[in-house]
Amino acid sequence: MSNADIRRLDREIRHTNKKLEAVRRGELWPLSGRERRAMARAAASGTYRLARGRSTGRAEQQLESTTSAAEMRLTAELNALHGERQRLITEAARAKAAKKSSGWW
């Protein structure tokens with residue numbers, strides 16, 4: 001496990017953090033296709049109901065639930081990346097310790 005692997009994971013972690021912050025700001029670019037379609041459907045439904053003079057509560061709730069689902073997905077992805085990074089670091093440390101203790105002074 002080389003430093004290149006750890007750097008690659010660090011880059012992925014930074015990218016995922018940017019996505020998570022963008023979702024929290026209400027931006028749509030980090031959403032998956034399914035999530036984008038759900039947001040568009042909820043927005044269209046809310047617009048239609050608003051034009052008819054009806055409550056938009058359900059559409060707003062759908063928008064919020066889709067946003068929170070995207071946040072949960074990105075948070076889980078971030079946790080997995082951090083776990084993988086820690087595994088690589090631990091594995092590299094074990095390899096280094098084994099090499100040092102092999103008697104090669």
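These notebook entries record what I looked up in a predicted model of three helices and a loop.

**Entry 1. Conventions.** I number residues from 1 along each chain as its sequence is written, and my side-chain values use heavy atoms, with hydrogens and water left out. The model is predicted, and I accept local features at pLDDT of at least 70 and side-chain atom pairs at pLDDT 80 or more, while totals for chains, interfaces and linings use all residues.

**Entry 2. Helix α1.** I took helices as DSSP runs (H or I, at least four residues), numbered from the N terminus. Helix α1 covers residues 3-24. With 22 residues, α1 reaches 31 Å from its first C-alpha to its last, close to the 32 Å expected at 1.5 Å a residue; the expected span is 1.5 Å times one less than the number of residues. I then listed the buried residues of α1 (buried is under 20% relative accessible area, exposed over 50%, partly exposed in between, with a 1.4 Å probe and protein chains only). They are Ile 6, Leu 9, Ile 13, Thr 16, Leu 20, Ala 22 and Val 23. Their cover includes α3.

**Entry 3. Thr 16.** I looked at Thr 16, which sits in α1. Thr 16 counts as buried because its relative accessibility is 1%. Which residues does Thr 16 contact, leaving aside neighbours within four places in sequence? With contact taken as heavy atoms within 4.5 Å, I found Leu 74, Glu 77, Leu 78 and Leu 81. Of these, Leu 74, Leu 78 and Leu 81 are listed among the buried residues of α3.

**Entry 4. Helix α3.** Helix α3 (residues 57-100) has 44 residues and reaches 64 Å from first C-alpha to last, close to the expected 64 Å. Its buried residues are Ala 59, Thr 66, Ala 70, Leu 74, Leu 78, Leu 81 and Leu 88. I noted that α1 and α2 (33-51) are included in what covers them.

**Entry 5. α1 against α3.** Two packed helices are described by the angle between their axes and the distance between the axes. I used lines fitted to C-alpha atoms over the stretch in contact, with angles from 0 to 180 degrees between N-to-C directions. The axes of α1 and α3 come within 9 Å and cross at roughly 165°. That angle makes α1 roughly antiparallel to α3 (under 35 degrees is roughly parallel, over 145 roughly antiparallel, 65 to 115 roughly perpendicular, the rest oblique).

**Entry 6. The turn after α1.** Just after α1, Gly 26 takes a positive phi of about 95°. Glu 27 is in the loop between α1 and α2, and counts as partly exposed because its relative accessibility is 30%. I computed 9.7 Å between the C-alpha atoms of Glu 27 and Thr 67, which are 40 residues apart in sequence.

**Entry 7. α2 against α3.** How do the axes of α2 and α3 lie? They come within 8 Å and cross at roughly 165°, and the two helices are therefore roughly antiparallel to each other. From α2, the residues that meet α3 include Glu 35, Ala 38, Met 39 and Ala 42; on the α3 side, Ala 59, Gln 62, Leu 63 and Thr 66 are among them.

**Entry 8. Thr 66.** Is Thr 66 buried or exposed? Thr 66, in helix α3, is buried because its relative accessible area is 12%. Not counting residues up to four places away in sequence, Thr 66 touches Glu 35, Ala 38 and Met 39.
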